[in-house]
Amino acid sequence: MDIKENIRQKLKQRAVFCAGYKYIKYVRKGFGIYKDLLHKYGEDTTFIVHGWPGMGDIFLLHEYLSYFLQKHSICKYVVLVQGKAAKQTVELFKIPDVELISEQEKAALTSFKMFTMDQVKNLILLHHDPPGMHIRIGNKLQGIHQTTTREMLLYACLGLENEKIKPRLLPTFEKQDGYVQKLFQKKKLIPHKTVILSPYVHSCQQAFPMQTWVRLAVTLKELGFCVCTNCAGKEEHPVKGTVALRFPLKYSVPVLELAGYFIGMRSGFCDVAGMAKCKKYIIYRGENMCGNNKESRYFSLNSIGMSKDAKEYAPMQIQIRITMGQILAELAADADDSDIKQLMISESNSDRELLQPAFKQNNIALAFSVSNEYVPYLTVTLESMIDHMQQDHNYDILILEDDLTYDSKHMLKKVYGIYENVSIRFIEISYYLSQYTLYTWGWYRPIMYGRLLLPTLLQNYEKVLYLDCDLILLTDVAELFQTKMDENELIAAVRDVGMINTYHMPNAKEKDYFEKDIQLKNPDGYINSGVILFHIQPFNKKYTAKQIFDHAASRQWMWQDQDIIMTLFEGYIRYLDQAWNVMIQSEDTSPDLMGPYAPAEIQKAYREARNAPKLIHYIENKHLWLNPLPDLFTYYWKYAKKSPFYEVILFRAIKRNS
């Protein structure tokens, strides 16, 4: 016998041995379990085996189980499930006989049924993937043609083809015996003012990391809510700072309704929670797939009919903060004293600290608003600030953000927080901005409106200087911050020479827009919002954050935040020297940003400032380009070379020109 034939025979023998071993271990064991069930319940009994321990599948299947029983003329039956949660779920439907089996017993019964095919008719595997333990084919078919889990279970498991069919059997929850009221008293929970967090999940993938749940809990408590964690399993511990809550499933709906609020990862428990009359926030992992459909679509509570009013979110990893902010913004609207508290949500556990200046003396308050993609350019601005700062001044840097990663924040603190006279703190503002529909176009994002929150956030400050992150400083910024302002000057800023020039151009659309649409009294006083000094106390006497953002959301402003500022603050502006915002539009090397149309005195002021700039502002992101070379580009790259992101900035510039 040659070598190939010898190998072939050995493989054949091994295959026969493995098949025999499989038969002895699983099929024979399953047959034994089946015989014991017949002996216990009688040969006229049908045994329905749930192939998956997930509460959600079982909950949905039992709402429609009576159709299946009627279709197959089944009168006497026993439901076999694995896990206490699954057993409690079945018991909600008042099923008379429920048997608890182990995962190994379920696997054995599955193998036995597959081996015998249709010969054993009174053993039914009620799942769409009975051979799943072997070849996982059912998982591959999930979500095909964008079907939901409801359609998959009804069609594949129960053989029900009418998608409009309504549940016939509804679950029953205990409401009258006082258990829930006693539970709330024992845990010191406030009715209709309690948020139940449910961070644990087994069937879907986790979206919120635990530190996000902790931050969520801290903020909810700051807003005046009682916060507890649904800890159903032995390994499930309460989120730090919350109360552990455990209760039988039959009390779940009344518990949720008395609490008032539920925030949870999509799990089987959410199918039950969907029936509760409370505010429900269901979270999926945005990038996760379930077979051929997105997890958030396949399991959507609203789509499968388990809820009509659940708010469902499917954030990608970089959107987790935004999603958390959106949920918090909604709950803040129900909280006591929410006007300020909803502005205070941040990464810091001592949120109120953000309302106080970082230094007791010579505190130079600087603010930036930045998304994660713009962090490299923010570092260039900070490098220029560091290069010109004075030791007798203290620089209190506040960064308004909506999606900064931990790495970005850690880097900014590590690189620029090493100086004794520099403080760097972060304020998460997406939760507030998400309450409004704020118009943006081009590369702009809603975070650009964050600067308008500064006077509300920093009420214990006298002034704060807002700076865009596409500029560099050529002198100590403290000089600008120390500008004196009277009570009628709510902001200080520099004229936008480019916009003023455009306004004076023949047939320019801005002329009618400025004069007739937004009705500016003096369009030649139009300012650029990249450099703004806020005079906080007089500002807050004039407007609240709500008034400003109601105005901001009232229409689609052509020039966005600048139009909002002009329509609200025209007549209350201190105009700064043009040198404090020398705007560079680097489409070519011409220094003539304005062209020939702006008034002569404004053109003169701009050109003088350009020859002796204190702050250069590379507008329209043109500093990213290398060809053509930006005007005054040497200033920018001097500080870009010092940035820890120099290679990133250079690579992006080259890539955009390739």
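A polar contact is a pair of N or O atoms within 3.5 Å, where, within protein, one atom must be able to donate a hydrogen and the other to accept it. In this predicted model, the side chain of N528 makes such a contact with the side chain of D496, at 3.4 Å. The points below begin with N528 and the strands around it, then turn to strand β13 and its partners, to E312, and to helix α5.

**N528 and its surroundings**

- N528 is a residue of strand β19, which covers residues 527-535, and because its relative accessible area of 6% falls under the 20% cut-off, N528 counts as buried.
- Besides the contact with D496, the side chain of N528 makes a polar contact with the side chain of H617, and the distance there is 3.5 Å.
- Leaving aside residues up to four places away in sequence, N528 touches A493, V494, R495, D496, Q562, N581, M583 and H617.

**Strand β18 and its two partners**

- Four of the five residues of strand β18 (residues 491-495) are buried, so the strand is largely enclosed by the rest of the structure.
- Strand β18 pairs with β19 in the antiparallel sense over five bridges, and within this pairing V494 stands opposite N528, a residue that V494 also touches.
- Strand β18 also pairs with strand β20 (residues 573-575), here in the parallel sense and over three bridges, with A492 standing opposite R574 of β20.

**The open sheet β17-β22-β21**

- Three strands, in the order β17-β22-β21, form an open sheet whose pairing is mixed.
- The edge strands of this sheet are β17 (471-473) and β21 (582-584), each of which pairs on one side only, and the twist from one strand to the next averages 20 degrees.
- Strand β21 pairs with strand β22 (residues 615-618) in the parallel sense over three bridges, and the bridge partner of V582 in β22 is I616.

**Strand β13 and its parallel neighbours**

- Eight of the eight residues of strand β13 (residues 363-370) are buried, so this strand is largely enclosed by the rest of the structure.
- In a regular strand the side chains alternate between the two faces of the sheet.
- In β13, N363, A365, A367 and S369 point one way, whereas I364, L366, F368 and V370 point the other way, and all of these residues are buried.
- Eight bridges join β13 to strand β14 (residues 394-401), and these two strands run parallel; the bridge partner of N363 in β14 is N394.
- Between these strands the chain passes from β13 through helix α15 (residues 375-388) to β14, in a β-α-β crossover that is right-handed.
- Strand β13 also pairs in the parallel sense with strand β16 (residues 463-467), over two bridges, and A367 stands opposite Y466 of β16.

**N394 in strand β14**

- N394 belongs to strand β14 and has a relative accessible area of 16%, which is under 20%, so N394 is classed as buried.
- The side chain of N394 reaches the backbone oxygen of Q361 at 2.7 Å.
- Not counting residues up to four places away in sequence, N394 touches F359, Q361, N362, N363, I364 and N421; one of these, N363, is the residue with which N394 is bridged.

**E312 in strand β12**

- E312 lies in strand β12, residues 311-313, and is partly exposed because its relative accessibility of 25% falls between the cut-offs of 20% and 50%.
- The side chain of E312 makes a polar contact with the side chain of Y284 at 2.5 Å, and the side chain of E312 also reaches the backbone nitrogen of L301 at 2.8 Å.
- The residues that E312 touches, not counting those up to four places away in sequence, are I282, Y284, S300, L301 and N302.
- The C-alpha atoms of E312 and I263 are separated by 10.0 Å, although the two residues are 49 residues apart along the chain.

**Helix α5**

- Helix α5 (residues 103-116) has 14 residues, which at 1.5 Å a residue should span 20 Å, and this agrees with the 20 Å between its end C-alpha atoms.
- The buried residues of α5 are K106, A107, A108, L109, T110, S111, F112, K113 and T116.
- Just after α5, M117 takes a positive phi of about 55 degrees.

Notes:
Residues numbered from 1 in each chain as written. Predicted model: local features only at pLDDT ≥ 70, side-chain atom pairs only at ≥ 80, totals over all residues. Heavy atoms only, no water. Expected span 1.5 Å × (residues − 1). Buried < 20%, exposed > 50% of the residue type's maximum accessible area, 1.4 Å probe, protein only. Pairing = 2+ DSSP bridges. Right-handed = clockwise from strand over helix to strand, strands pointing away. Axes fitted to C-alpha atoms, helices over the stretch in contact; angles between N-to-C directions. Contact = heavy atoms within 4.5 Å.
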